[in-house]
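Please open the structure in your viewer and keep the selection tool at hand. The tour below proceeds from one selection to the next.

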Amino acid sequence: MTRGNPFVRAFAICALLIVAALALAACGSSSSKSTSNSSKGNSANVAASSLGTTIFGTVPPAGTPVSGGTLTQGQLTGQTPTEVFPLANSSTVTTGTISLNSEMYMPLFSGPTGAEPKVYYPMSAASGPPVPSNGDKTYTIHLKPGLKWSNGQPLQAKDFLFAIAILKAAVTESPANWAQYVPGEFPVSVVSDSAPNATTIVLHLNKAYNPGFFLNNQLQDTTTVFPYPSQAWNVDATGGPHLSNWNDPAVAKKIYDYLNKQGTTVSTFATNPLWQVVSGPFKLKSFSATNSSYVMTPNPNYGGTPKARFAQLDVNTYTSYTAELNEVKTGALDVMVGFDPTQIAEMPQLKTQGIDVLGGPSWGWFGGIYNFKDTTDDFDKVIAQNYARQAMAYLTDQQAYIKGIYKGAAVAAYGPVPSAPKSDYSPKSATIPPYPYDPAKAVAVLKANGWKVVPNGQSTCVKPGTGAGECGAGIPAGTPFKFVWANQPESVSSVGALESEALASEAKAAAGIDITLQTKTFNFLVSNYSNTNPANVKYVNDWGVNNYGGLFTDYYPTADGSWNHPGTGLNTGSFENPVSDALIQKSVYGTNPMAVINEVAWFAAHPPVAFMPMQDYMIAVNTKKVGGAAQGWLSMTQQQWEPNFWYAVK
Amino acid sequence: MIGYTIRRLIVALIVTIGIAAITFAILHFLEPSPASVVLGTKARPATIAAWNKQHGYDRPEVVQFWSYLKQLSHFDFGYSYKLNQSVNSLFAENAGRTAYLSGASLVLSLLIAIPLGIYQAVKRNSVADYSLSALNLTLYSMPSFFLGIILIQFFALDWHILPPEVSSNVTTTWGAITHPEQMALPILTLTFITVASFSRYMRSSALDNLAQDYIRLARAKGLSERAVLFRHLLRNASLPMITLVGLSIPSLLAGNLLIEYLFNYPGLGLLFYNALGTSDYNILLAYTILGGMLTVVGNLIADIAITAADPRIRLS
């Protein structure tokens, strides 16, 4: 071909047109769906008090059940199960691990109840809450009679004592060996235990624990506590003898090491006889070491309700939400977990195909963690002042973020617990913002505390001192209100990046607060922008806010470990306050089982974090093929799969 | 020839060590030890230190690298602490599937690209040639994942002819071979992209050869056009294909990361992608080194093969 040849130019243009045409063809349907969604789609969360939460989309209908059949569920690469032994450590505790564990093993205290973060006894091994005595130092737990392991042996009280021995061995070896372990607390807090009969467990603790905390934080937790089959798992080697002296810490350690090794060997998940002894609604039939897809069948000896009605559940692994949704659209996948917010535009089109999308907020909080140790421009002194954090809250327009950034799939969260789902531990103020969006109030509160506010400029402290109307302790005259706000990249967490940009823009324009946005990877933010690790002292002045995401909290939402005792647990920003410490003490060790409500309300009024909306977790269900009780779908908004609620439909 | 091959092998060894050193250094700079990935972020410093000591990550980096090289000399790529398996066994498990995907598309590409290139050369500057050139340029300029998305939209979502992804049940190479409908879209995507590239080379090569004296002689001898093209032109014009096939060897085993990701196909590329997400140290290291090694070996094989195919070429 010759340079300047008119044919070449013509065909180059032709090639470009073909590219454009193909691109339009590929995107055409989604763009048209986008248009239709704006007029017909569900664009906002709807409070549904009867469902105990605020939902986005539609709760899939119950349908007319049919027994038998095979249902399919998706899971994402990276969220697949990595440990089958139900004692996940902090590196194996994925969403998939938690789900697999609770499908195979019956928790002592199961949850949630639909979307609500509370114990659901029909699926629990315990028949009711632990009964405190001896000034809350002793707890008695009653198991349901007649429970069995899949091998026919009875599930008894000593199975839970065996679990405690193994848990103790695990956390004694390393606190990291159990993801939910807080040093000093359960199981180490159990100084002695006994089983006076087959269904009664008595735990003697090292001190008095709040009954609400002990049930809804210690025993019912994110990764849950399960009884273990003491007559099947009491081995420390393949083919080795069954050890009856597992109460001996040295023996328990050997058993733990063996079970943990076996439980993380992906290639033998379904073939290792250890994991064929289950108590939950399902047994593992096969597990692919290649892609972590797996197949489950109902456990006929399951003692909880409901029991699965289908014959088989295929859990297939997908590399992306797009791949998963494509399979739902073609009818090859019945239940998609983790419907992505970018796919919201497709909801009206999906509805016409019989695919319902449901979303609901998780239990916990999202937001930017303030760094109370960042001495750059005396930020540590500035942010220690509650009025400064109030000003930040006044500048945070959560409703606008929910509408514009989250496309409606989020709820407001003004403190450690979101405005939904419903919980007995939510203060009334959870739905009432203590500092509602109002830039004028942000300016007013700064001015009232000795700051010269320069909208679109740089606000500075002009009245140093600790008296009324002055900036506060350690803040010299001329101190600017400025700091670094670190996010994950927009390509990874678009909502986090966009809401940060919006807040930074508003703060600058309205109140002269200079926020420098910085992008770091999730791993970097979690590993390095955390003051709990002494090795991170070199980074302590690099960040004012760490917006890596947030935390899912326990049903009993105390900040114990998070915002007290600096240097331990999750207190990455080094927040401390004697008042909150005292409230946390009452939440954990007090006698009032509802004490945590006061703590939550205090943290909403004195935010240690720039609280942001709580994003919905969404699923998509092919209602032509699968149905189930609303409770089973709603629990998925808490990222808990309960397939025993599902069934094939006519 | 033997001397040349030995020299190239020595260079290949040096290049491989260089790739290993750079990859090792980068990974160690980003994360000096996989301990926190294995033990979790809540692990005590003492536990991390003990783990590092047990697995040799407490030694100076140079010593660690030397140990790693010694391992590599035995073709031992280390251990995946996330999957609790040796990297060798993971590679062995996934390589077959990746080789099938890449191999099938490569063979299909050659079967289409060679006659297509010759056809375009013979019909040069015709409407058919320009049309095919436009199509080839379009496909050539298109990222593979983009073409894949387009094919999924049409073949799976609009026309319901083929599944949009490879089923999760296809976990073995034999499974992939015996489920052609599952493999159709990923193989077609790779084939279209490769045909676009190969046929351009083939067309250029055929055009060069059509102007050669031996073609004129063949025609002057009264050979039929079919005989000229397939007996004389085809063999000579296909020489560049040998180089291209040699350069394709890395992708045969190192995988087609984007295609495997897009089509949910469990091969080496997807293994690498997953390892990125879980910081599975030794898989990342091994995959990168393997890719480098195969590139070097692929070049060498191409050079040797071209001398075998064309006696006029001498390596020195």
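The stops that follow concern one chain as a whole, then the contact between two chains, and then two sheets. Please keep in mind throughout that this is a predicted model.

**First stop: chain B**

Select chain B and display it as a cartoon. Chain B contains 15 helices and 2 strands. Its C-alpha atoms fill a box of roughly 85 × 55 × 30 Å along the principal axes. Of the 316 residues in chain B, 41% count as buried; here a residue is called buried if 20 or more other C-beta atoms lie within 10 Å of its own. Among the contacts in chain B that link residues at least 6 apart in sequence, 71% join residues at least 24 apart.

**Second stop: the contact between chains A and B**

Now show both chains and colour them separately. The contact draws 38 residues from chain A and 39 residues from chain B. On the chain A side, select helix H1 (6–40), strand S11 (312–318), helix H6 (321–329) and helix H13 (522–528), the elements that each give two or more residues. Which of them provides the largest share of this side? It is H1(A), with 9 residues. If you colour the side of chain A that touches chain B by residue class, you will find 17 nonpolar, 19 polar and 2 charged residues.

**Third stop: a sheet of 5 strands**

Hide chain B and turn to the open sheet of chain A with the strand order S19-S18-S20-S14-S21, in which the pairing is mixed. Strands S19 (514–519) and S21 (609–612) of chain A stand at the edges with a single partner strand each, so one side of each has no neighbour in the sheet. On average, neighbouring strands of this sheet are turned by 35° against each other, direction ignored.

Next, select S18(A), residues 482–487, together with S19(A): these strands pair in the parallel sense over 6 bridges. One place to look is A:Val484, whose bridge partner in S19(A) is A:Thr516. Then add helix H12 of chain A, residues 494–511, which lies across S18, S19, S20 (545–552) and S21 of chain A and runs at about 160° to S19(A).

**Fourth stop: a sheet of 3 strands**

Finally, select the open sheet of chain A with the order S3-S24-S23, where the pairing is antiparallel. What is found at its edges? Strands S3 (65–66) and S23 (626–628) of chain A stand there, each with a single partner strand, so one side of each is left without a neighbour in the sheet. S23(A) is joined to S24(A), residues 646–649, by 3 bridges, and the two run antiparallel. To end the tour, select A:Gly628 and its bridge partner in S24(A), A:Trp646.

Conventions:
Residues are numbered from 1 along each chain as its sequence is written. Chains are lettered from A and ligands numbered from 1 in the order in which they are written. This is a predicted model: local features need pLDDT of at least 70, side-chain atom pairs count only at pLDDT 80 or more; totals for chains, interfaces and linings use all residues. Two residues are in contact if their C-beta atoms, placed from the backbone, lie within 7 Å. Helices (H or I, at least four residues) and strands (E, at least two) are DSSP runs, numbered from the N terminus. Ala, Val, Leu, Ile, Met, Phe, Trp, Tyr, Cys and Pro count as nonpolar, Asp, Glu, Lys and Arg as charged, and the others, Gly among them, as polar. A residue is buried if 20 or more other C-beta atoms lie within 10 Å of its own, exposed if 12 or fewer, and partly exposed in between; C-beta atoms are placed from the backbone. Two strands pair if DSSP finds at least two bridges between them. Axes are lines fitted to C-alpha atoms, for helices over the stretch in contact, and angles run from 0 to 180 degrees between N-to-C directions.
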